[in-house]
Amino acid sequence: MLFWLASKAQAQSSYLPVQASDVAESYDTLFNFLTVVSIIAFVVLMGGMIYFIFKYRRRSDNDKTAYISHNHALEFLWSFIPLVVFLGVFYWGWKVYEKTRINVPGAIEVNVLGEKWTWTMEYNTGKKTLNELTIPIGKPVRLIMRSKDVLHSFFVPSFRVKQDVVPGYISKLNFTATKVGRYRIFCAEYCGTGHSGMMGWVNVVEEYEYEDWVNELAAKSPVASGEEIYKARCAVCHTTDGNKMVGPSFKGVFGRETVLEDGSTVRADENYLRESILNPNAKVVKGYVKGQMPLFQGTLEEEQVTH
Ligand code: CUA
């Protein structure tokens, strides 16, 4: 009965994100089972309580409560039945969780680096992408994940997988994508100002497309790759349309005379911009708070700064 209800809920689970990985379905079945069990327990407990309130209400001033000390049979049942249910749920949950923990031989390995506030994916062909994880459908994938600064959490709702990345520790995540498409990556651990903007995409593609993609190391124009870096690394705090966010807009910044917080001015030339990217606290623009921007010294390649 419960399984039937759970599978019913399963079929109509449009309130959940699409199921796009091998663990998604078993995860949802367990989740729906827990929901149904919780609803049944709620109805039985609350219904019983309300029924007893009426049935055993005090009817007169000298109505006395019966003296009941204990009941072995009842106490055994209400301890033993939940124990069996909870152990069953524990085992079931363990089996689902285990699927994402077992290293499948021959899985495609992708290195994932979390940092404020981007995800960098690095493939074994040397290809690197920012905030975009491209993987083939139907092939086991293993993410090898690190953090450069603080705790982040790599979360793909459509895959039903979530894994913390921890500084000084390598965490792993295994799954197989089962549906071609584009799915959101979120950071699910509060990590500072740009946390809510620390998002990315998983692209699930056909295997031949993946092979072509991962092996092509196309040279990009500096402007195009500069734009890509801007979107991934800077857009959380800086606009290009003149609006102020955490930091000043980039609109018209190049070559402009800029007033700094100590009142002096500086021309925003290549060297000023380079310094402001690598060590942003050296010369802060008037009206902005020092220390808000992460130091990109050591986190951007020299080539990336130049672009
Ligand atoms: Cu990274 Cu929140």
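Buried means under 20% relative accessible area, exposed means over 50%, and partly exposed is in between. Keep those cut-offs at hand for the exercises below, and bear in mind that this is a predicted model.

**Exercise 1. Cysteines**

Classify Cys187 and Cys191 as buried or exposed, and find how many disulfides the structure holds.

*Solution.*
- Step 1. Cys187 has a relative accessibility of 8%, so this residue counts as buried.
- Step 2. Cys191 has a relative accessible area of 6% and is buried as well.
- Step 3. A disulfide needs a pair of cysteine sulfur atoms within 2.5 Å. The search with this criterion gives 0 disulfides in the structure.

**Exercise 2. Building the sheet**

Work out the strand order of the open sheet and name its edge strands.

*Solution.*
- Step 1. Start with β1 and β2, which run antiparallel and are joined by 6 bridges. Within this pairing, Gly114 stands opposite Trp119 of β2. The two strands form a hairpin, with 2 residues between them.
- Step 2. Go on to β3, which runs antiparallel to β2 and is joined to it by 3 bridges. Here Thr120 faces Leu130 in β3 as its opposite residue. This is a hairpin too, with 4 residues between β2 and β3, and Gly126 in the turn has a positive phi of about 95°.
- Step 3. Return to β1 (residues 108-115), which pairs with β5 (residues 140-147) in the parallel sense over 7 bridges. Val110 stands opposite Leu143 in β5.
- Step 4. Add β8, which pairs with β5 in the antiparallel sense over 6 bridges. Arg142 has Asn174 in β8 as its bridge partner.
- Step 5. Put the pieces together: the open sheet has 5 strands in the order β3-β2-β1-β5-β8, and the pairing is mixed. The edge strands, each pairing on one side only, are β3 (128-130) and β8 (171-176). From one strand to the next, the twist averages 25°.

**Exercise 3. How covered are β2 and β8?**

For strands β2 and β8, state how many residues are buried.

*Solution.*
- Step 1. In β2, 5 of the 6 residues are buried, so this strand is largely enclosed by the rest of the structure.
- Step 2. β8 is mostly covered, with 5 of its 6 residues buried. Recall that β8 is an edge strand, pairing on one side only.

**Exercise 4. Aromatic pairs**

Describe the geometry of the pairs Tyr123–Trp213 and Phe159–Phe175, and say which parts they tie together.

*Solution.*
- Step 1. The whole structure contains 10 aromatic pairs. Tyr123 and Trp213 form one that is edge-to-face, at 5.0 Å centre to centre with 80° between the planes.
- Step 2. Tyr123 belongs to strand β2 (residues 118-123) and Trp213 to helix α4 (residues 207-215), so the pair ties together parts that are 90 residues apart in sequence.
- Step 3. Tyr123 is buried at 3% relative accessible area, whereas Trp213 counts as partly exposed at 21%.
- Step 4. For Phe159 and Phe175, the ring centres are 5.1 Å apart and the planes are at 50°, so this pair is tilted. Phe159 comes from the loop between β6 (152-156) and β7 (161-165) and Phe175 from strand β8, so the parts tied together are 16 residues apart in sequence.
- Step 5. Both of these rings belong to buried residues: Phe159 has a relative accessible area of 0% and Phe175 has 2%.
- Step 6. Ring pairs also link Tyr51, Phe52 and Tyr56 into a cluster.

**Exercise 5. Charges over rings**

Which ring does Lys127 lie over, and which ring does Lys162 sit over?

*Solution.*
- Step 1. Lys127 lies over the face of Trp213, 4.4 Å from the ring centre. Trp213 also forms the edge-to-face pair with Tyr123.
- Step 2. The charged end of Lys162 is over the ring of Phe155, at 4.7 Å from its centre.

**Exercise 6. Backbone checks**

Find where the cis peptide bond lies, and place Asn131 and Arg160, which have a positive phi.

*Solution.*
- Step 1. The cis peptide bond joins Lys116 and Trp117, with omega about -5°. Trp117 is in the loop between β1 and β2.
- Step 2. Asn131 is not a glycine, yet has a positive phi of about 60°. This residue is in the loop between β3 and β4 (132-136) and counts as buried at 12% relative accessibility.
- Step 3. Arg160, again not a glycine, has a positive phi of about 60°. Its place is the loop between β6 and β7, and Arg160 is buried with a relative accessible area of 11%.

Technical notes:
Residues numbered from 1 in each chain as written. Predicted model: local features only at pLDDT ≥ 70, side-chain atom pairs only at ≥ 80, totals over all residues. Heavy atoms only, no water. Pairing = 2+ DSSP bridges. Axes fitted to C-alpha atoms, helices over the stretch in contact; angles between N-to-C directions. Phe/Tyr/Trp six-rings, centres within 6.5 Å; stacked < 30°, edge-to-face > 60°. Buried < 20%, exposed > 50% of the residue type's maximum accessible area, 1.4 Å probe, protein only. Lys NZ or Arg CZ within 6 Å of the ring centre and 35° of its normal.
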